[in-house]
Amino acid sequence: MSQKVLVLNQDYSALTICSMPKAFLLVYLNKAELIAESSTARLHSISQSFPFPSVIRLNRYVYFPYKGVVLTRQNIFKRDGNRCQYCGSSDHLTLDHVMPKSRQGRTSWDNLTTACKYCNSKKGDKTPEEAGMHLNRQPFKPSFVMFLRNFSGILDNQWMPFVGAKHEKIQ
């Protein structure tokens with residue numbers, strides 16, 4: 001029951017990811033329609049069998065003014081693959097401001113990167129160039145669909161027509 005389901009708006013645009021029980025309830029109450037079902041499991045009652053949803057579409061359009069990814073520590077780590085962007089380590093991770101806050105560096109997607117404690121203290125309040133360190137990948141702000149597709153860690157093959165093929169952002 002821990003399976004996740006892609007929820008589409010009425011216009012087939014990706015809206016969010018929800019739990020399988022919530023998705024099943026939306027379909028059962030006729031608030032959404034089943035677009036794609038899981039081929040691995042079914043939900044059984046005493047007299048009926050229902051497919052596990054994989055993709056559902058809401059019957060009514062939901063106006064969602066802000067479809068962006070929230071800037072959080074965990075989302076930065078996900079974007080960077082839980083690896084230090086200087087040395088590649090996955091131990092003792094912290095957040096690093098590429099342009100230090102002491103030099104008016106902002107707390108934003110484009111200025112925050114994942115760094116291990118060692119690299120973060122080595123860099124200190126210098127820029128990577130001044131510290132003689134190289135970023136493996138420049139920080140960037142992922143789009144909502146890119147985050148669902150590349151960084152959520154949950155991707156069913158049946159979602160591909162709605163979130164597109166996986167492409168790594170190369171800088």
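Residues are termed buried under 20% relative accessible area, exposed over 50% and partly exposed in between, as computed with a 1.4 Å probe on protein chains only. The analysis concerns a predicted model, in which local features need a pLDDT of at least 70 and side-chain atom pairs count only at pLDDT 80 or more, whereas totals for chains, interfaces and linings use all residues. Residues are numbered from 1 along each chain as its sequence is written, and side-chain values use heavy atoms, with hydrogens and water left out.

Aromatic contacts were examined first. Rings of Phe, Tyr and Trp (for Trp, the six-membered ring) were paired if their centres lie within 6.5 Å; planes under 30 degrees apart count as stacked, over 60 as edge-to-face and the rest as tilted. By this criterion the structure holds 4 aromatic pairs. One of them joins tyrosine 12 and phenylalanine 162, which form a stacked pair because the ring centres are 6.5 Å apart and the planes lie at 15°. This pair links distant parts of the chain, 150 residues apart: tyrosine 12 belongs to the loop between strand E1 (4–8) and strand E2 (14–19), and phenylalanine 162 to helix H5 (residues 160–163). Helices (H or I, at least four residues) and strands (E, at least two) are DSSP runs, numbered from the N terminus. Tyrosine 12 is partly exposed, at 41% relative accessibility, and phenylalanine 162 is also partly exposed, at 22%.

The rings of phenylalanine 24 and phenylalanine 50 are edge-to-face, since their centres lie 5.2 Å apart and their planes meet at 65°. Here helix H1 (residues 20–28), which carries phenylalanine 24, is linked to strand E4 (residues 49–58), which carries phenylalanine 50, and the two residues are 26 residues apart. Phenylalanine 24 is buried, with a relative accessibility of 17%. Ring pairs join Phe24, Tyr28 and Phe50 into a cluster.

A charge was taken to sit over a ring if NZ of Lys or CZ of Arg is within 6 Å of the ring centre and within 35 degrees of the ring normal. The charged end of arginine 79 is so placed over the ring of phenylalanine 140, at 5.7 Å from its centre.

Salt bridges (a side-chain nitrogen of Lys or Arg within 4 Å of a carboxyl oxygen of Asp or Glu) were then considered. The whole structure contains 6 of these salt bridges. Arginine 57 and glutamate 33 form one, at 2.3 Å from N to O. This contact connects strand E4, the location of arginine 57, with strand E3 (residues 32–44), the location of glutamate 33, across 24 residues. Arginine 57 is buried at 13% relative accessibility, whereas glutamate 33 is partly exposed at 27%.

A salt bridge also joins arginine 42 and glutamate 37, with an N to O distance of 3.9 Å. Arginine 42 is partly exposed, at 41%, as is glutamate 37, at 36%. Aspartate 96 and lysine 123 meet at 3.4 Å, N to O; the former lies in strand E5 (residues 93–97) and the latter in helix H3 (residues 117–123), 27 residues apart. Both aspartate 96 and lysine 123 are buried. Salt bridges further link Arg79, Asp80 and Arg137 in a network.

With a disulfide defined as a pair of cysteine sulfur atoms within 2.5 Å, the structure holds 0 disulfides. The sulfur of cysteine 116 has its closest cysteine sulfur in cysteine 119, at 3.6 Å, and is therefore too far for a bond. Cysteine 116 is buried, with a relative accessible area of 5%, and cysteine 119 is likewise buried, at 5%.
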